[in-house]
Every structure is written in structure tokens, then in C-alpha cells.
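Before accepting the labels attached to a structure, it helps to ask what each of them rests on. The exchange below takes a few of them in turn.

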Amino acid sequence: MHLRLIGAALFLQFYVVWALGFANYVPQLYSLDVLRASAILLVIGLLMMLSGYIKDVAKRAAADKYFRALMIIYFAAVYYIVYSAMTEYYQLNLGVGLDTATYMQSFASAALYHRLFDNLAVPTFFFNHASPILFLLYPLYLTYPSIVTLVTIEVALATLPAIPLYKLGLRLFGDRRYVLLTALAYLLFPWVTTYLTEAVEVVVFTAPFFALALYNLYTGNRLSYWLSLTLMMTTIEFSPILGFFIGLYILATKFDWLKAKGRVALGLETIAFSLAWFFGDFLMVYYFSHGAINIFGNVWGSALSGPLISITDSIGNAIFHFTTHASSSPSSSHQAALSLSNVLESLMNNVRAGLHTKIQSTVFLLMPTLFLNLVEPQSLLLLPWLYVMWQTPWGFYYVIWVYYTALVAPAVIVPAIWALRKFRPRIRRALLVTVFIAVTISTLLLNGLSPLSALYFHEPLPNPLQPTTTPYDLALIQLNYYVPPNASISVPATAVPWFSLTRYGWNERGVPFFGPNNYTKYEVYSPFVPTGYPYYPNFNNYLPYVFNDGAWLLVGPFQRPYGFNYTTTVTLLPLTPGQHQYSITTLPGGPLTVNLSISYTPLQDIGYLTSNLSWLLQQPQSGICGTLPGYFAVLNSSDYIVQPITINETTTVEALTIFGSGSSNLASGEVMISSSEVPALKPKVLWSTSFGEPWWCGPRTWATPISLEPNLTLKPGTYYVIVNMPTNPWQVACTYIPGAPKALLYNGTGLKQLNCTMNLIMVTNRPAEAAKANASVSTSLIVQNSTAVVLNKTVTLFAQRPFELPLTYWANLTGSSYQEALVVSVNGARACPCPASSRLR
């Protein structure tokens, strides 16, 4: 007891030290060295508080060889998953890096900038999510501020329930071999670990505490149950809904350790506790977002969110007096008065969105356990996730390989194991072995951590001896080598993983992840995303070295980078009539040699393109999504745009490109090729897929090319390309083209003909009818802010045959920056898709 009290004191001292320094009551405490030392004491205190449990595990491992084997497998699995996750970060995947960097920047802001978990996306993390667990993760991360620390904490916690589930197996089986299989069934269950390479996400931390709450409920450990349930509640605002259904499950189930009155009391207490947390989460997010975010908009289907938001906005405004919030508008009261028929229609429309993927996700989720969890009343615990999955039009919620599966995975595997108690011992053992085999096979073929999963995803088996690299990777590697190891550097979100792997600490010893400070000597900026404070570099004091793929290195005025080797590939698909300029990279001044090779493969296409398409794809002058009358169809989230296509001979569609954008990236669009103009007739759909909506529409483009590969063979006839993006508003390039078939608009009730043609290109593999048309391609070295002579190289491409052609020229350039560009002029009435590549040294 004395050891635990000392541990609790060491645990709490960090928050006292941090709060006094953060609030500037004792400014001397707000130092990275002081906070790190305090965080290390917190970890020591936490270990002292858990010393009894640690001793029990150690004794059990020494006495039981099967439990010892489980511990070895557990640590090996943690190491393997962390290693696999770090390869994703090493490859600088934008989705992985950006989400993880959000947390790293949040922690850096709390340690360096007197900001409460601010990050590049929002003013504070609590603006979007209610996640008090950040206060616990923050000091653990501070002990060794690195991306490896975050990943290790996430993986170790996500797989931790396998250890106590060994004790649950002792209740079910007398033979310890089967007990070991019980624990390994959880560890190998594909939906417990597959999302761990997606990103470090607070949602993932819901899963282990969810599983531990169920385990402690089975075994009758009331104190551990409430502790696990509370930690689950602190992860994300969806968790209290899970807690509410745990309360319903308690009311519907008999437990050996709990009498009837105690069961009713515990169930009602759990429901009340969950509702209190849910209301607290609503108030937390509402307060930090100043009324801009209402959590009911995330956890309910669109048909019900309007009335619920209207009611709760009134409560939030009354408490915080946010009088400027949009809920006071007349539209809110109109939403609250939706008719039952409209609600039901909206619910059904949401079910139809991504229906095939939703069915597949549900089956794959339950299949590894042979649907055994449905034997338990705990199937109640599936309802929150199933409702959201079947109601949301946002693909990342219902795709099982994404980290949101953490909200439901424990409700499948843990109840399935507990359900074995209902069978006789012999059948119980046979079922466990069968489940273990099914789980293992599912993991090998469906879990993204398994190399064999490439067979399911129709990808080549990974070769660890040939790691994947991109031009962006190479650029960052070179930037990292260029900056001295002991220099402080400020990096954007997309570059955080690489610099975190190769550097340590903040300030003069390493990388401030949130933004430049007084110690910063080097800064890396990215045109992909804002980089934190300050958002805009001071070009009077810095000279840029720019890579078009992403990273901008900004260094002091007396330093210039030379000697960079850089390779990039630019695919020109499609080439449309007119002149187009494709930026390849910006080069520093000085002697250099440019090697440019162009390859061309003739393909035929069906295209409806505006003569101003290249102009429409240019970056607007502001960060606002641009809309030009006459060039776009501006649509609602429920609208489908339908473009008829006529095929005169049997044709294989190799590629399909459409042009559009939306106001948010929080959704995936859907495109299909159908033999019917009505998208609701699913049997008529010949091919469909989802695509990631462009990363906002500004400031990058007004309309973004969205290229897909149907690989669909069509017989002669009329077909329809149908597109929908479930955001409001969204837009697709649709212009008036004389003689071209007009597009149609379907809004769920009927078809309406538009006075424009949807701009698209459908590339086929049949011989080009316009094969004799020539396309001239010229390359020029365009000098910006200088009077140097422009160098030109021109080659004429004959569209009848594939070829490769190398071009080399040398130049001695003076000035601040030079942009190497590929200028393409296409003559002829038809578009000519020409894949081309360039290599620059």
C-alpha cells in the first residue's frame, strides 16, 4: 500500500508541475528538460502503482510455461507490428504521417507554446474530439519524444488484453494448451491489429479498454471494471454509446458473481455513467469549438442529426451563450420538424450508399469467429457500430481495414470466447480449435500486417529487400542529410515521420514539430498542408529550395543547397487539344545537367472535354473553392450526375478520368458504369468503385482529375457514367459542347436533363482511329525572375507506335530559382493520352 501511495504521488506530480508552468504561475517549470524529468517520474510512479499486477504476471510466467510462451509471443508481436508500422512511416504515406503528426504537434504545443494540444488542423484537439486520454498519453510521450514512442504505446495497449484473457481461458478449459489458444485467438484476430499501421489515432485506444471492461465484467472484478470503463470513456465521444449498450447487456444477462438486484444496479449505474460522459463530451467539444461542432453530427445518421443538433444546440447556447452559432437560423427549426417519411427515405438512401462494401465489412468482421459472438446477448454491443456503418455515406467508417474498426472488434472476439462456456467441454475444445484456425487464416489473408494479404488485394507480394520509395521520400532524405545533425529544424506534418526517425528532441537538439521558434535554424514547408505557426515563411530572410512533390527547404540567407540529385516521374494523362504546361520541379541556380526522357504509348479514348479544361485545372488566386458559371455543375450530396456514352464495338475500358472537387475531404465519392441511367437500379451497374475526394478543392485546384482503372469490357451499346460525392456542396466539370450528349441529373426521385456535358475521358485499348495525327512536344527551361536565355528542345511524336526518346542538355544558371517544365502541344480534334516520364539530375 505504501508503494502504491508513493507511486500515486509521483504520478500526480507531473500534472502539478506542468499546470504551474503552462499557466505561467511558475515559468521556470515550463522547460522541456524539467517536463521530461517530471514525465519520467510519472512513469516510475505508474509502474509502482501497478507493481502488484506486474509481480503476479512475473510469477505466473515463471511457473507456467504456456503463459511464458504467451508473454514471448506478445512481445514478439508488439515488436513486429511496431516495425511494420514504422515502415509505413518511413515511406511517408500522407494519410499515416498526417494523422500521427497531428498528435505530435499537439504534444509539442503543450510543451513549448503554452497551447492546449493545438495542432495544424484546428485551434485545439478538443475542437473536434473529446479525448481527455491525451493527458495520460502526453507524459508517456514526453519521456522519449519520438514517433516510435507513440506507435509502441499504441500497439502495446491494443494487444494487451491477450494477457488477462489467458486467465479467462483457465475458467473455460482445464488443459493449458487450449488456454493458450484462447489468448492467441484475441492476439491473432485480424481486426484487433490490422488498423495499427493506419496511423496513431486516439480511436485505437478505445479497443483495449473496451475489451478489458468486458473481461472484468465476466470475472467479477468490479474496481477494474470501472477503471477500464472510465479509460474507455476518455478516448473519443463515441465511447459513451458503447458504455450505454454495455449497461443494457448487463441488464439482459445473468452473472455468477452478481445477484439479480446487484445486476440491475450495476446496469443502471453503467447507463447513467455513460450518459453523463456523453453529455460531458458534448459540452467539451461544444465549448472548445465555440459551438461550431456538435457531436451528434458525427454519431447519428443524417436523417436524425438535424433534429438532435437543433435541440442540443439550444442547450449548448444557453450554457455558453454562443449567440452567433448557426443553430439560431430558421433552417435549424425546419430540420427539427422533418416528417417521418423524409426520415425513413433518408435512412434508406444512406443504407444504399456503398451497400456492397458494407455487407462485405459486416461478413468479414464476424466470419473469423464463426459468428459465435451472436450466441451472446452481447450482440447488443454491435448495434452502435452497425448503425453508424450502415447509415454513414463516409467510406472510412465502414471499411474494416480502417482504425474505426477498433470501436467494434472487441465486441466480436471477446464475446465469442465467452460464449464457449455454453457448450460441453468436448464441443467447447473443438469450437476453440476451429475458431483459432479460422482466425489464423483470416489474419494471413486479410490482415494488412501479413505479407500474404497481398494475394487478397491482388497486389504483388512485398519484397523487403526492395523498399518502396517515392520522389518525396528521396527529397526528404536529401534534406535531412543537408541539415546538420545538431541544428534545430521546423518541419511540416507530412515530413514529421522521417525527421522524427532520424532526429531526437526539440529546440537546439532536434525538431520542433509545431512551428518555428527562437532556436530554429532550418525550416521545411510543404504546399500540401499548413505547417503550424507561423503559417507563412518570411521570404525576405530565407531562400527557398522547392520540390514540386511537397517539401520546401528554407534556410538562412547566407546558405544555399547545391548538389541535390532528384528523380521524378510525371504522367501526362490525358493530353487534350491545345497547349499544356506540366511543372516538373524547381531547380537551384548553378551548374547542372538535365536528362529528360519521354516515352509514349498510343491509346484510343472517348472524351468530352472543354477547350478551357487546362485553364479550369489551374490553381485559383485564393484558398477558396472556385466555381465558374457555365463550367461546373454544382450539386448537393444526394445528387448523381449521369453521362451517356455510346460504344460502337466491343471495347475494354482501361482508364476513366473525370474532373471534380468538393468542399471537404471527409468523404469518398462513388463512380459507376451502368447500363441504366438510374443509379438506384443496382443490378444494372456493371462496375463501381469509390475514390478519395480531392484534398479540399482549394488552394490546389478548382477541378481535380480523378483517374480510375475499371478494366471493364463493354459490348456495343449505350452506357452511363454516374458520379456522386456525398458532401455538400460538390462540383463536377460540366460544359456546353455542341453535338455531345447532354448529362442528366438524378436526385433520388427522377431524371432531369442538363444543358451541359460532363467532362470525362474514357481510355480504351482499341487501335487509335486518329493514329496518323501528330503531337509535338517541346521542353523548355523556363527562368523565373531572371533575364537568362530560355533553352528549348522540341521533338515530334508520331502516334502510331510506342517509343522512348532521351534528351540531354547542360546549362549554367544564375538567379534564385528555375522551373523545369514540360510544355506539350497537341494538334487534332481528338485527345491523345500520352504517358510520359522525365528524369532530372
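**Pocket lining, a buried serine and a helix**

Q: What makes up the lining of the second largest pocket by class?
A: In this predicted model, the lining has 33 nonpolar, 8 polar and 4 charged residues. The pocket has a volume of about 2000 Å³ and is lined by 45 residues, with Leu-46, Leu-50, Tyr-53, Leu-160 and Leu-227 lying nearest its centre. Helix α3, residues 51-63, gives the most to this lining, with 6 residues.

Q: Why is Ser-38 called buried?
A: The relative accessible area of Ser-38 is 4%, and buried means under 20%, so Ser-38 meets the criterion. Ser-38 is found in helix α2, residues 32-49, and, leaving aside residues up to four places away in sequence, touches Gln-13, Phe-14 and Val-17.

Q: How do you know that the buried residues of α3 lie on the same side of the helix?
A: The buried residues in α3 are Ser-51, Val-57 and Ala-61. They cover an arc of only 125 degrees around the axis, and therefore lie on the same side of α3. The face turned away from that buried side carries Lys-55, Lys-59 and Ala-63, which are exposed, a term that requires over 50% relative accessible area.

Q: What span does α3 have, set against the expected one?
A: Helix α3 has 13 residues and reaches 18 Å from its first C-alpha to its last, which is close to the 18 Å expected at 1.5 Å a residue.

Methods
Residues numbered from 1 in each chain as written. Predicted model: local features only at pLDDT ≥ 70, side-chain atom pairs only at ≥ 80, totals over all residues. Heavy atoms only, no water. 1 Å grid on protein atoms, 1.4 Å probe; cavity = no way out; pocket = protein on both sides within 12 Å on 5 of 7 lines; lining within 4 Å. Points joined across faces, edges and corners; volume = space filled by probe spheres on them. Helix = DSSP H or I, 4+ residues; strand = E, 2+ residues; numbered from the N terminus. Nonpolar A, V, L, I, M, F, W, Y, C, P; charged D, E, K, R; others polar. Buried < 20%, exposed > 50% of the residue type's maximum accessible area, 1.4 Å probe, protein only. Contact = heavy atoms within 4.5 Å. Expected span 1.5 Å × (residues − 1). Arc of directions from axis to C-beta.
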